[in-house]
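Morning, everyone. Please look at the model on the screen. I'll take one interface, then one ligand.

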Amino acid sequence: MSTQIEKQETETEEQESEPAVESPGEKRREQKRQRQAEREAQRETEEATLDDEETVTLKVFRYDPEVEGKQEPRFDDFRVPFHKGMTVLDALIYARDRYDSSLTFRHSCRQAVCGSDALFVNGRQRLGCKTQLSDLDGPVRIEPLPHQEVVKDLVVDMEHFYEQMHAVEPYFDADEVPEGDLEEQRQSRENREKVKMSTRCIWCGACMSSCNIAAGDNEYLGPAAINKAYRFAMDEREGENRKQERLRIIEQEHGVWRCQTQFSCTEVCPKDIPLTEHIQELKRESVKNNLKFW
Amino acid sequence: MAEHYSSFERGGRRWLWQRLTAVFLIGVLAFHFLLLHFANHAANITFAGTQARMSQISYFATMWLFLVTATFHGVNGVYNALVNQGIDGTQKNAVKWVLIAAGLLLIAQGTRVALAMNGFL
Amino acid sequence: MYEHDVIVVGAGGAGLRAAIAAHEEGADVALVTKLHPVRSHTGAAEGGINAALQEGDSWDLHAYDTMKGSDYLGDAPAIDTFAKDAPEEVIQLEHWGMPFSREEDGRVSQRPFGGLSYPRTTYAGAETGHHLLHTMYEQAVKRGIEVYDEWYVTNVAVTDHDDPEKRECHGCVAYDIKSGKIEGFRANGGVILATGGLGQAFDHTTNAVANTGDGCAIAYRAGAPMEDMEMIQFHPTTLPSTGVLISEGVRGEGGILYNDNEERLMYEYGYANNDGELASRDVVARAELTEVNAGRGIDDEYVHLDMRHLGEERIIDRLENILHLAEDFEGVDGLDEPMPVKPGQHYAMGGVECDENGETCIDGLYAAGETACVSLHGANRLGGNALPELLVFGARAGYHAAGRDMKTAEIQTGPSAESEAGDVEPPVEPGAIDRGSEDVAADGAAVEPTSVIENTVARERERIETLLERDGINHAEVRADVQETMTDNVNVFRQEEGLKTALRDIREARKEYQNVAVSDPSRTYNTDLIHTIETRNLLDVAEAITLGALAREEFRGAHWRAEFQERRDEEWIKHTMLAWEDGTPRLYYKPVILEGDEETYEPKERSY
Amino acid sequence: MSQSYNRGTVEDFGRWREFSAGMWAWIFHKFTGWVLVGYLFTHIAVLSTSLGGADLYTGTLQGLEALLVVRFLEVGLLAVAVFHILNGIRLLMVDLGVGLESQDVSFYASLVLTGAIVVASIPTFLGGPLA
Ligand SMILES: Cc1cc2nc3c(=O)[nH]c(=O)nc-3n(C[C@H](O)[C@H](O)[C@H](O)COP(=O)(O)OP(=O)(O)OC[C@H]3O[C@@H](n4cnc5c(N)ncnc54)[C@H](O)[C@@H]3O)c2cc1C
Ligand code: HEM
Ligand code: SF4
Ligand code: F3S
Ligand code: FES
């Protein structure tokens, strides 16, 4: 798959009947105008001839703070031909390349690893590239992630999400590293297994967007950041001192205690990370930890 | 981010107590309901009956603990809910003290009532 | 104008490693990247990272395998440096917390991989790249390295001098995608291009939509030559509908390829009697296509990769991610049925010519990662050798740019390394159409760095304004034309006529591109604009790939020619180089260095 | 919500919060919790009549019980309490990390069970002598 579109017949037609007096620039512009008109016409006929059976209608959220007519948020409809295996992202790419090149959304890997295309599709946070159209009821409503500022169309501001991720000191920081250049740290298989799920996060922000608490409390670390903290706090290679510091971070007012176990984060996570479970485990961990000092 | 390092009580002690009191309340509340709505019909309750039950020291103690735990559980729950709604600073402080005062008052009044019931007052 | 010691363009594995290295060296370093670092395509790598870590293995074995894998088109100094540095870099990653898969004794696991004489591929499940990328981004966060996130670099600011080797790079120009601002970035130490692959030149690729060869095109137009561009690796196991990669790990663990007659094709038809499914990628890719062309493919398109016999437990333990990919993107349950696979563009061995320290012939301009060609992979990259390359050469470029004293490079760069002029006869004139107006190096007699940057900024601003203001066709058509012709004609099997057709089509596309305009008038998050600029870059790299392919009249590694089905060592142990001279590509050759530290590598027949 | 961030008009445009089981459970638990605290205060207030002597106490209680509304309110209280208890048990399990995969099922189960218990208790609650 790629951003490729099918070649359009009309465009390869030569246009030789232009009067010779025009300057090359004018001629070119004239050709372009014609081409655009043809394109538009073609799009219309194409859309009109699309059989209902094999098309999907997308209702896509549009907003651009700068462009007149888009300052008021609205929904645009796109009819896209459907083929087996088509994802929401494929459909968006089709609509953009064929119908409206200003349709804006983030995407890159097309295989659920880059985390760019978390969207609100039919009322749920999903990755566009990982969502089969055939699993959805039409018309498919595509909106930007809720609870984040919309930059344009389907693009939201991720800054706040990144800040929360950074707030948990999301980096490995062992108390001590083995001496010797080629000496590795040992980690048991069980321990790697324990942190495995938590290391899968692709920073898509779906969980944060789905969490009611995060929506209400802007300072709440949120499920993804807490999961990140879990990933390191549970890694036996880091050592006890670091773990204490990590627990201190997640125990703060807007940390784990804010989680009301609503589970929506866990439900929407495209990497199937058991977020609620990790949050709960950290709550228990910090209670245990505190009991030690009684 | 610096603002994340506030002096909020860490360690989730209140969180833990909320759970511990809940466990206790499951039993007592169920017992309370069964006793006063099913075993003894609510409409048949009289001071004499109450007094009879309350003069058993174990029953009295249970009910008093019920009062204390329920108050803590309820008041703390309300406080948490408000904090989660996003109150902050002075507002939060005010709420905290009002709730503590209300809680203490309730326990005090409840204790007086209980003592009256078993005839001490 | 922003100012830093070192500017790293691109924040994938190579860019991050370079930034961390430069930071370690005390430089003020910034990452400028069109995607947030964790969105880089390094995250998609599945299989693993090669490094000689265990007793019984050694760097020279790794180097030998790499040289052999490269079909003797790799440069020994690059390969030796690589194999020597790799173990340390991998352990460094481990110290940075990367969650590698482990052995019972708690040590990092290693598994066999195609073309390797020893099981030396370290891995983290089937998501090695994801973990590598995130681990390194985390370390960059730890060090507080500045990131200009979602800034698209449109060009580098290079002084104008006829001889590229006398040019200096003072910085770059970037477009802030979110606000539409165009700014200059001054780099006192150097600019490191680490923009990743160029897979979008093809329409069936494992690469991300963002892999548009920007760094290659930018360096090329600035005067740094392109090396061995024809060497494109096609991965034998990609899902037919999307191009999503099924890791070589599946074959490493014992997965088997079947044709439509349920024959184990690698053996039945003698494509690789020794290594079978573990033969190197080019061999397997050709085998599959030969099967399909001979009518033994399934649906005339693909073959089957079967891993069911490995057992559920082993699959879930080591290849769980593959199950998800097959399910989500092809609707196939790998535990239950074989997975359909076909070859797809995967990796560019060629790229911006640079030496072991990442330096190009332009002073202050570096390249690292898939964008660069040190030349480590030569004519064919071994699986699991790209990720350590990011680490080894990313780090070296970072150190060097930040001013560390390093061994003088043995590899020569720039047109002066030429050993022989090339001649290739393209059917149409290649190169830029409107010479001079947009690309070529920056300008005037200006030698003062700030004004070099300012001039470049002004030119880029004008270019962007023009694209935004004029009216014309959508770039997507041009892009599609290029992708289509590349896949049709510059694929696994290459023929002179096809290559010429591709050049003609690319020329056509260049003409079309003259009429391209951005229809979205917004300055806010204008992806239409970004994609339009990228398409221009794709044109340049696609043309370079095709020119190289037309020039190289032999069959070596990933490059197969219908007319020349033999490796021709007497004549072709040399790199194809393309220099952009005022908008016209000039072909020349540069010798391959086979004299290594330990031994001089003797070209041998690749038996697998 | 004083800390929440004003995301502008775009935020609410057509974007509504989809509630899932866990969210409903949270809302209900909150609501029932508040009702229970409210009741606790009222309850102690009513019981305070015992300070005024046996007759006043007995009179007040029986007087209240004589009102049909009070009976109905009591059924409501029962519903609220039972749900809070059952969902509270569910939450305690979640806190212990038990049965996280079936959190939605357990929520529905709490609802159904609450309904069942309430219906079963109606005769006892509404029955009995109306004074
Ligand atoms: C599916 C897949 C699987 C692979 N598996 C393996 C494997 O198992 N083992 C192995 O060794 N190798 C593997 N490879 C190869 C290896 O992953 C890549 O070669 C490597 O990750 C490239 O890294 P990079 O840092 O050069 O580029 P990338 O990770 O692609 O990063 C490019 C960066 O440049 C930025 N950028 C690009 N253009 C611009 C611009 N104009 N302005 C600003 N920023 C820009 C992007 O934002 C991005 O941050 C695999 C490759 C693929 C596609
Ligand atoms: C009988 C058994 C009870 C159990 C098992 C129980 C359980 C719980 C639990 C686990 C919570 C915490 C929810 C959270 O913070 O995530 C909670 C909250 C609460 N409980 Fe109870 N509880 C019980 C009885 C009561 C009683 C008797 C009252 C009234 C006094 C009460 C009032 C509250 C309140 C007000 C809250 C806070 C609700 C909110 O979050 O807004 N509970 N309960
Ligand atoms: S935890 Fe899951 S939903 Fe949240 S950011 Fe990570 S991958 Fe996305
Ligand atoms: S949705 Fe929110 S409340 Fe907790 S369980 Fe998830 S973080
Ligand atoms: S495009 Fe990368 S996650 Fe969907």
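How many residues does each chain, C and A, bring to the contact? Chain C brings 83 residues, and chain A brings 72. Keep in mind that this is a predicted model.

Now for area. People often describe the size of an interface by the accessible area lost when the parts come together. Between chain C and chain A, about 6,700 Å² is buried. Carbon and sulfur atoms give 45% of that.

Next, the polar side. There are 12 salt bridges between chain C and chain A. One of them pairs Glu104(C) with Arg189(A). Their closest N and O atoms are 3.2 Å apart. We also count 49 residue pairs in polar contact between these two chains, with both residues at pLDDT 80 or more.

Which parts of chain C touch chain A? Helices α3, α4, α9, α12 and α14 each supply at least two residues. α4(C) gives the most, with 8 residues. By class, this side of chain C has 24 nonpolar, 32 polar and 27 charged residues.

On to ligand 1. It has 39 residues around it, and Thr33(C), Ser40(C) and Glu370(C) are among the closest. The backbone joins in too. Polar backbone atoms of Ala14(C) and Leu35(C) each sit 3.0 Å from an oxygen atom of the ligand. For Gly48(C), the partner is a nitrogen atom of ligand 1, at 2.9 Å.

Is the ligand buried or exposed? Alone, ligand 1 exposes 990 Å², and the protein buries 98% of that. Its shell has 16 nonpolar, 18 polar and 5 charged residues.

Note on methods:
Residues are numbered from 1 along each chain as its sequence is written. Chains are lettered from A and ligands numbered from 1 in the order in which they are written. This is a predicted model: local features need pLDDT of at least 70, side-chain atom pairs count only at pLDDT 80 or more; totals for chains, interfaces and linings use all residues. Side-chain values use heavy atoms; hydrogens and water are left out. Contact means heavy atoms within 4.5 Å. Buried area is the accessible area (1.4 Å probe) that two parts lose on being put together, summed over both. A salt bridge is a side-chain nitrogen of Lys or Arg within 4 Å of a carboxyl oxygen of Asp or Glu. A polar contact is a pair of N or O atoms within 3.5 Å; within protein, one must be able to donate a hydrogen and the other to accept it, and residues adjacent in sequence count only if both atoms are side-chain atoms. Helices (H or I, at least four residues) and strands (E, at least two) are DSSP runs, numbered from the N terminus. Ala, Val, Leu, Ile, Met, Phe, Trp, Tyr, Cys and Pro count as nonpolar, Asp, Glu, Lys and Arg as charged, and the others, Gly among them, as polar. A residue is near a molecule or strand if one of its heavy atoms lies within 4 Å of it. Accessible areas come from the Shrake-Rupley method with a 1.4 Å probe; for residues, only the protein chains shown count as cover.
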